[in-house]
Amino acid sequence: MNNKKRISIEDKLFTVTRKIDTESHIKVNQEKFKKDPNPAILYICPSKVYVKNEETGECIVNFENCLECGSCQVACRDYVVWDNPRGGTGVIFKYG
Ligand code: SF4
């Protein structure tokens, strides 16, 4: 029997904060994004960083919401360029 206590996603997210940079650490190749009929980044990002602009068909990148989980690097390597946030910015653990 597993006696580990389950922690809700809300409780996990409460342990982090972010220092927002002025420049995005994520770039999307918009032409490749537009050609993808079902872009995985719209579904896999736990922080809803990627949103499709229904008028232009381009990908809006809300980089300030990024949790630095790395999922988009794995799933969409062909048109997402993700770099580590600059030093002193990005996710910060409150109790670290
Ligand atoms: Fe979203 Fe994770 Fe990619 Fe950040 S690293 S944009 S949280 S999938």
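Two residues are said to be in contact when heavy atoms of theirs lie within 4.5 Å. With that idea in hand, the structure can be explored step by step. It is a predicted model, and a good place to enter it is a single valine.

Val16 belongs to strand β1, which covers residues 16-19. Leaving aside residues up to four places away in sequence, Val16 touches Leu67, Val91, Ile92, Phe93 and Lys94. One of these partners, Leu67, is 51 residues away from Val16 in sequence, yet the two C-alpha atoms are 8.8 Å apart in space. Is Val16 buried or exposed? Its relative accessibility is 15%, and because a residue under 20% counts as buried, Val16 is buried.

The wider chain gives this valine its setting. The secondary structure consists of four helices and six strands. Read from the N terminus, the elements follow the order α-β-β-α-α-β-β-α-β-β. Along the principal axes, the C-alpha atoms fill a box of roughly 45 × 35 × 20 Å. The chain has 96 residues, and 28% of them count as buried. Its accessible surface comes to about 7,200 Å², with 51% of that area belonging to carbon and sulfur atoms. Contacts across the sequence also deserve a look: among those with a separation of 6 or more, 65% join residues that are 24 or more positions apart. The contact partners of Val16 include such a case, since Leu67 is 51 residues away.

Aromatic rings offer another view of how distant parts of the chain meet. A pair of aromatic rings is described by the distance of the centres and the angle of the planes. The whole structure holds one aromatic pair. In this pair, the ring centres of Phe33 and Tyr79 are 6.1 Å apart and the planes stand at 70°, so the arrangement is edge-to-face; the cut-off for that label is an angle over 60 degrees. Phe33 sits in helix α2 (residues 30-35), while Tyr79 is in the loop between α4 (71-75) and β5 (80-82), so that the pair bridges 46 residues of sequence. Both partners are buried: Phe33 has a relative accessible area of 1%, and Tyr79 has a relative accessibility of 4%.

A loop residue comes next. His25 is located in the loop between β1 and β2 (26-28). With a relative accessible area of 12%, His25 is buried. Beyond residues up to four places away in sequence, His25 touches Phe63, Cys66, Val81, Trp82, Asp83, Asn84 and Pro85.

Cys66, a contact of His25, leads on to the ligand. How many residues surround the ligand? There are 13, the closest being Cys45, Cys66, Cys69, Gly70 and Cys72. This shell is made up of ten nonpolar residues, two polar residues and one charged residue. Cys72, one of the closest, is buried, with a relative accessible area of 9%.

With several cysteines in view, disulfides are a natural topic. A disulfide is a covalent bond between the sulfur atoms of two cysteines. How many does a search of the whole structure find? The search finds zero disulfides. Cys59 illustrates this result: the nearest cysteine sulfur, belonging to Cys76, is 9.0 Å away, whereas the cut-off for a disulfide is 2.5 Å. Cys59 is also buried, with a relative accessible area of 6%.

Note on methods
Residues numbered from 1 in each chain as written. Predicted model: local features only at pLDDT ≥ 70, side-chain atom pairs only at ≥ 80, totals over all residues. Heavy atoms only, no water. Near = heavy atom within 4 Å. Nonpolar A, V, L, I, M, F, W, Y, C, P; charged D, E, K, R; others polar. Buried < 20%, exposed > 50% of the residue type's maximum accessible area, 1.4 Å probe, protein only. Helix = DSSP H or I, 4+ residues; strand = E, 2+ residues; numbered from the N terminus. Areas by Shrake-Rupley, 256 points an atom, 1.4 Å probe, with all protein chains shown as cover. Phe/Tyr/Trp six-rings, centres within 6.5 Å; stacked < 30°, edge-to-face > 60°.
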